[in-house]
Amino acid sequence: MSYRIEVDGEICISSGRCVAEHPEVFRFDDDEVAETVPGAPTLPDDVTLRLARSCPSSALLVFDAQTGDEVDVFAS
Ligand code: SF4
């Protein structure tokens with residue numbers, strides 16, 4: 001399976017964790033809210049799941065890249 005990760009900017013609390021851990025994938029926008037870097041590399045699935053689980057506001061959403069379905073990162 002391959003995952004795609006997105007930031008829900010409405011609930012990101014700007015902790016900076018994702019940006020610090022993977023600056024090639026995440027950055028802050030002008031409002032200091034995390035967003036994905038256009039054209040960012042795809043992280044390995046285990047890294048994607050771990051990162052999403054570690055977001056303090058659960059703002060990192062994971063989707064199945066093929067079906068587009070959201071993945072429950074705590075059940076995967
Ligand atoms: S880890 Fe979560 S709360 Fe922190 S900057 Fe990233 S998306 Fe926002």
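**Pro41.** I began with Pro41 in this predicted model, and with a relative accessibility of 46% I entered Pro41 as partly exposed, because that class runs between 20% and 50%. I then placed Pro41 in the loop that runs between strand 3 (34–36) and helix 2. I also looked up the separation of Pro41 from Asp31, and noted that the two are 10 residues apart in sequence, while their C-alpha atoms are 23 Å apart in space.

**Largest pocket.** Pro41 came up again when I listed the lining of the largest pocket, where Pro41 stands with Tyr3, Arg4, Ile5, Val25, Thr36, Val37, Ala40, Thr42, Leu43 and Thr48. For the volume of the largest pocket I wrote down about 180 Å³. Which element gives the largest share of this lining? I found that strand 1 (residues 3–7) does, with three residues. When I sorted the lining of the largest pocket by class, I had seven nonpolar residues, three polar ones and one charged one.

**Cavity.** I next turned to enclosed space, and a search of the whole structure gave me one cavity of 30 Å³ or more. Helix 1 (17–21) and helix 2 (45–54) are the elements that I found giving two or more residues to the lining of the largest cavity. Of these, I marked helix 1 as the source of the largest share, three residues. I noted a volume of about 130 Å³ for the largest cavity, and I counted 18 lining residues, of which Cys12, Ser15, Cys18, Cys55 and Pro56 lie nearest the centre. By class, I recorded this cavity lining as 12 nonpolar, five polar and one charged.

**Ligand.** Where does the ligand sit? I found that the space the ligand takes is the largest cavity. Around the ligand I have 13 residues on my list, and those that come nearest are Cys12, Ser15, Gly16, Cys18 and Cys55. The shell around the ligand, sorted by class, holds eight nonpolar residues, four polar residues and one charged residue.

**Nonpolar core.** Cys18, which I had already entered among the residues nearest the ligand, also appears in the largest nonpolar core, which has 21 residues and in which Cys18, Phe26, Leu51, Leu60 and Val62 have the most contacts. I noted that strand 1, helix 1, helix 2 and strand 4 (60–64) each supply at least two residues of this core. Helix 2 gives the most to this core, and I wrote down four residues for helix 2.

**Two serines with positive phi.** I checked the backbone for residues other than glycine with a positive phi, and entered Ser14, at about 60°, together with Ser58, at about 55°. Ser14 has its place in the loop between strand 1 and helix 1, whereas I found Ser58 in the loop between helix 2 and strand 4. Are these two serines buried, partly exposed or exposed? I entered Ser14 as partly exposed, because its relative accessibility of 31% falls between the 20% and 50% limits. For Ser58 I read a relative accessible area of 39%, so Ser58 also went down as partly exposed.

Notes:
Residues are numbered from 1 along each chain as its sequence is written. This is a predicted model: local features need pLDDT of at least 70, side-chain atom pairs count only at pLDDT 80 or more; totals for chains, interfaces and linings use all residues. Side-chain values use heavy atoms; hydrogens and water are left out. A residue is near a molecule or strand if one of its heavy atoms lies within 4 Å of it. On a 1 Å grid over the protein atoms alone, a cavity is a set of points where a 1.4 Å probe fits but cannot get out, and a pocket is an open set with protein on both sides within 12 Å along at least five of seven lines; lining residues have an atom within 4 Å of a point. A molecule sits in a cavity or pocket if more than half of its atoms lie within 2 Å of its grid points. Ala, Val, Leu, Ile, Met, Phe, Trp, Tyr, Cys and Pro count as nonpolar, Asp, Glu, Lys and Arg as charged, and the others, Gly among them, as polar. Grid points are joined across faces, edges and corners, and a volume is the space filled by probe spheres set on the points. A nonpolar core is a set of buried Ala, Val, Leu, Ile, Met, Phe, Trp, Tyr and Cys residues joined through side-chain atoms within 4.5 Å. Buried means under 20% relative accessible area, exposed over 50%, partly exposed in between (1.4 Å probe, protein chains only).
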